[in-house]
Amino acid sequence: MQLNELTIAEARKKLDAGEISAKDLTQACLDQIRSLNGALNAFLEVYTDEALAAAKKSDARRADGNILGPLDGIPLALKDNLMDQGKRITAGSKILANHIAAYDATAVRKLKEQGAVILGRTNMDEFAMGSSTEHSAYGPTRHPRDSERVPGGSSGGSAVALATNMCLGAFGSDTGGSIRQPAAFCGVLGLKPTYGRVSRSGLIAMASSLDQIGPFAKTAEDAASLLSAIQGNDPADQTTAQQEPFVPAWTENLTGVKIGLPRQAWGEGMQEGVRSAVQTAVQVMEKLGAQISEVDLPYVDEALAVYYVLMPCEVSANLARFDGMRYGLRLENLPIFETYAKTRATGFGPEVRRRIMLGTYALSRGYYEAYYVQAKKVQTLIRRAYDNALQKVDLLLTPTAPTTAFKIGEKTADPLTMYLEDIFTVGVNVAGLPAVSVPCGTAEALPVGMHLTGRAFCEAELLAAVRVYEQGS
Amino acid sequence: MALSSEEVRQLADLARLELDENEVTAAEKDLDKILGFVDRLKKVETQGVEPASMPARTEWRQDIAQPVDELARETILANFPARSGDLLKAPGVFEKPKGK
C-alpha cells in the first residue's frame with residue numbers, strides 16, 4: 001500500500017509509531033498529484049515546497065514529542081474558496097484571477113494551528129455555483145473513473161483529489177449539496193455539518209444563510225477528525241452556534257436506530273441503478289440492527305424551489321461586492337456605471353450572471369413578497385416537516401443524487417436539469433441540518449452515494465451510524 | 001410568467017451586468033424556465049406562517065477596530081485594482097447613471 005492511500009487514522013498510528021514521516025507522507029501525495037493532476041485538473045495550484053517544509057517541521061515536532069494536534073503532519077486539500085493567507089484565491093472565477101487572501105479563514109487557521117499540511121487549492125464551479133465543476137473559469141475537473149464524465153460539484157476538485165489519493169482529507173463548502181453530491185459521484189464520504197457548527201469567516205460567500213464548510217474523508221472516523229478540527233463558535237461569525245462541541249461517539253451496531261425512508265423522495269426521476277444500490281444499503285442497515293420505516297416528508301419539490309429563490313437572492317447581494325473597485329478585476333470606463341457593468345459581465349461566467357439576474361428579479365419591487373418572503377415562509381414549513389419526521393425516526397435516508405456521474409456537457413445547456421441534481425440534498429440546507437453522503441456500491445461501474453440526514457447538531461449519531469455501515473457492508 | 005426583453009435589460013442594469021442582444025435573449029429563456037419551476041411556491045398555503053429567520057445570536061459583537069498584521073495590510077493594499085500610495089484609486093463617482 002502506498003502511503004497516500006492510508007486513511008488519516010492509519011497514517012496517525014504509523015506517524016506516532018515512527019514507522020513513517022510526515023515528509024514521506026506528503027511526498028507520496030505530491031507524487032500522486034504530479035502523475036494525475038494533468039489529466040484530472042483537481043488542483044488549481046499545488047504548494048510543493050511549502051507543503052514539504054511544513055511536513056518537515058511536523059516531523060521535528062513529533063521527534064521532540066510535542067505535536068500540535070491529531071492532524072499534525074496530515075496532508076490536506078482546500079477548496080479554492082477557503083482563504084489561506086498569502087495564497088491566491090479565485091473561487092473558480094476570472095474576476096478574482098489575481099486575488100491574494102489577506103487572512104486565514106477560521107477553519108484554515110485552526111487546521112494550521114493543529115499542524116496540518118496544506119497541499120494546495122482545488123477546482124470548483126465559479127463561486128460554488130454548479131453541480132459538475134464545469135462552471136470553473138479554469139477548466140472542468142474530470143471524473144476519476146471516466147474522463148468524459150463530471151465529478152459533480154461544486155467542490156469537484158476536492159472530491160477528486162481525495163478519491164484519487166492525492167491527499168488524505170479535503171475540505172469543501174456545501175450550500176445546496178456541493179460537498180455531498182461530488183462525494184457521491186466520486187465514491188468518497190462527504191459531510192455537511194449543521195448550519196452554525198463551523199465558522200464561515202474566510203469562506204467566500206455564496207448564500208450566507210445556507211453555506212457551510214465540511215470535510216471529504218475516506219472513513220467516518222476521518223470525517224470526525226476533520227470536523228473536530230474546524231468546528232466551534234467564532235466571534236468572527238455571528239451565526240456560529242453556542243452548542244456543545246462535536247465529540248465522536250462510536251457504537252457497535254445499529255440496534256435501536258430508527259431510519260426513515262421519506263416516501264416523497266423515492267418516486268420517479270431516479271436512475272434505476274441508483275435506486276437498487278441504495279436499497280441494498282438499506283437492507284445492510286437493517287441487518288445491522290436498524291429499524292427501517294417509511295416516513296412522510298412533504299415539500300421535496302418545494303424545497304428545491306425555495307432554494308432556487310433564496311440562494312440567488314443572497315448571491316445577488318453577496319456578489320455585489322465584486323464591482324471592480326476594491327479588489328479583483330477592474331475594466332475602467334466612464335461613466336462609472338460602465339466600469340461596474342463591464343467588469344462584472346467580463347469577470348463573471350454565465351451561471352453566476354444567471355443567478356445574479358434571478359436574485360435581482362426576485363428581490364425587485366413588486367416581486368419581493370411573491371418570491372423572497374413566500375420562499376422564507378415555505379422554508380418554515382420545510383423545517384417543521386423535517387422536525388416532525390425526525391421526531392419519529394433518528395435518521396432520514398435517500399440517495400444523494402438521482403443519477404450517477406453524467407457526461408461533460410450533458411446538462412450545461414439547460415440550467416434546470418442541472419438544478420434537479422440537487423433534489424435530495426437542498427432540503428437539508430434549507431432546514432439547516434447535518435447530512436452525509438456515504439459510498440454504497442456502484443451502478444454501471446460508477447459510484448453511488450447514500451444520503452443520511454440527522455437532527456441538528458447530532459453529527460456524532462450520524463457518523464456513528466455511517467461507521468457501523470462501513471464496517472458491516 | 002414570461003419576462004420581456006425590456007424587463008431583462010432593466011434587470012441587467014439593476015444587477016450592473018452588461019449583456020449583449022444574444023445574452024438578453026438567452027437570459028429571457030433561462031429565467032422563464034427557472035421562474036416556471038419556482039412558481040410552484042405560490043400554490044403553497046402559507047397563511048399565518050412566519051418567514052424563517054436566521055438562527056443567529058441576537059446580541060451584536062462590539063465593533064472594535066483591531067490592528068491587523070502587516071502581511072494582511074500589505075495584501076489588502078496589493079489587491080487594490082489601482083492605487084496611489086496606500087490609497088485606493090477609483091473612477092469619479094459623480095457621473096450620471098445610465099438612462100437618466
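**Exercise 1. Find how much space lies in the largest cavity of this predicted model, and describe what surrounds it.**

*Solution.* We begin with the volume: the largest cavity holds about 160 Å³ of space, in a structure that is a predicted model. The next step is to look at the walls, where 20 residues form the lining, and those closest to the centre are L297(A), V300(A), Y386(A), I423(A) and F424(A). We then ask which elements supply two or more residues to this lining, and in chain A these are the helices α9 (300-318), α12 (368-392) and α14 (426-431), together with the strands β9 (395-399) and β11 (446-453). Finally, we sort the lining by character, which gives 15 nonpolar residues, five polar ones and no charged ones.

**Exercise 2. State how many cavities of 30 Å³ or more the structure holds, and describe the second largest.**

*Solution.* The count of cavities of 30 Å³ or more is five. The second largest of them contains about 60 Å³ of space, and among its 13 lining residues G130(A), S131(A), S178(A), Y307(A) and D422(A) lie nearest the centre. Sorting this lining gives five nonpolar, six polar and two charged residues.

**Exercise 3. Decide whether T453(A) is buried or exposed, and list what it touches.**

*Solution.* First we place the residue, which is found in strand β11 of chain A. Its relative accessibility is 3%, and because buried means under 20%, T453(A) counts as buried. Leaving aside residues up to four places away in sequence, T453(A) touches Y386(A), L390(A), D394(A), L395(A), L396(A), V428(A), L433(A), P434(A), A435(A) and L462(A).

**Exercise 4. Identify the residues that touch the most other members of the largest nonpolar core.**

*Solution.* In soluble globular proteins, nonpolar side chains tend to be buried together. Here the largest nonpolar core has 172 residues, and the members with the most contacts to other members are F127(A), L397(A) and L452(A). Helix α9(A) gives the largest share of this core, with 12 residues. Taking L452(A) as an example, and again not counting residues up to four places away in sequence, we find that L452(A) touches residues including M285(A), L397(A), V436(A) and V466(A).

**Exercise 5. Describe the interface between chain A and chain B by its contacts and its buried area.**

*Solution.* Counting residues first, 68 of chain A are in contact with 59 of chain B. Turning to area, about 5500 Å² is buried between the two chains, and carbon and sulfur atoms give 67% of this. On the side of chain A, Q238(A), F337(A) and M357(A) supply 14% of the area that the chain buries against chain B, which is more than any other three residues supply.

How values were computed: Residues numbered from 1 in each chain as written. Chains lettered and ligands numbered in written order. Predicted model: local features only at pLDDT ≥ 70, side-chain atom pairs only at ≥ 80, totals over all residues. Heavy atoms only, no water. 1 Å grid on protein atoms, 1.4 Å probe; cavity = no way out; pocket = protein on both sides within 12 Å on 5 of 7 lines; lining within 4 Å. Points joined across faces, edges and corners; volume = space filled by probe spheres on them. Helix = DSSP H or I, 4+ residues; strand = E, 2+ residues; numbered from the N terminus. Nonpolar A, V, L, I, M, F, W, Y, C, P; charged D, E, K, R; others polar. Core = buried A, V, L, I, M, F, W, Y, C linked by side-chain atoms within 4.5 Å. Buried < 20%, exposed > 50% of the residue type's maximum accessible area, 1.4 Å probe, protein only. Contact = heavy atoms within 4.5 Å. Buried area = accessible area lost by both parts, 1.4 Å probe.
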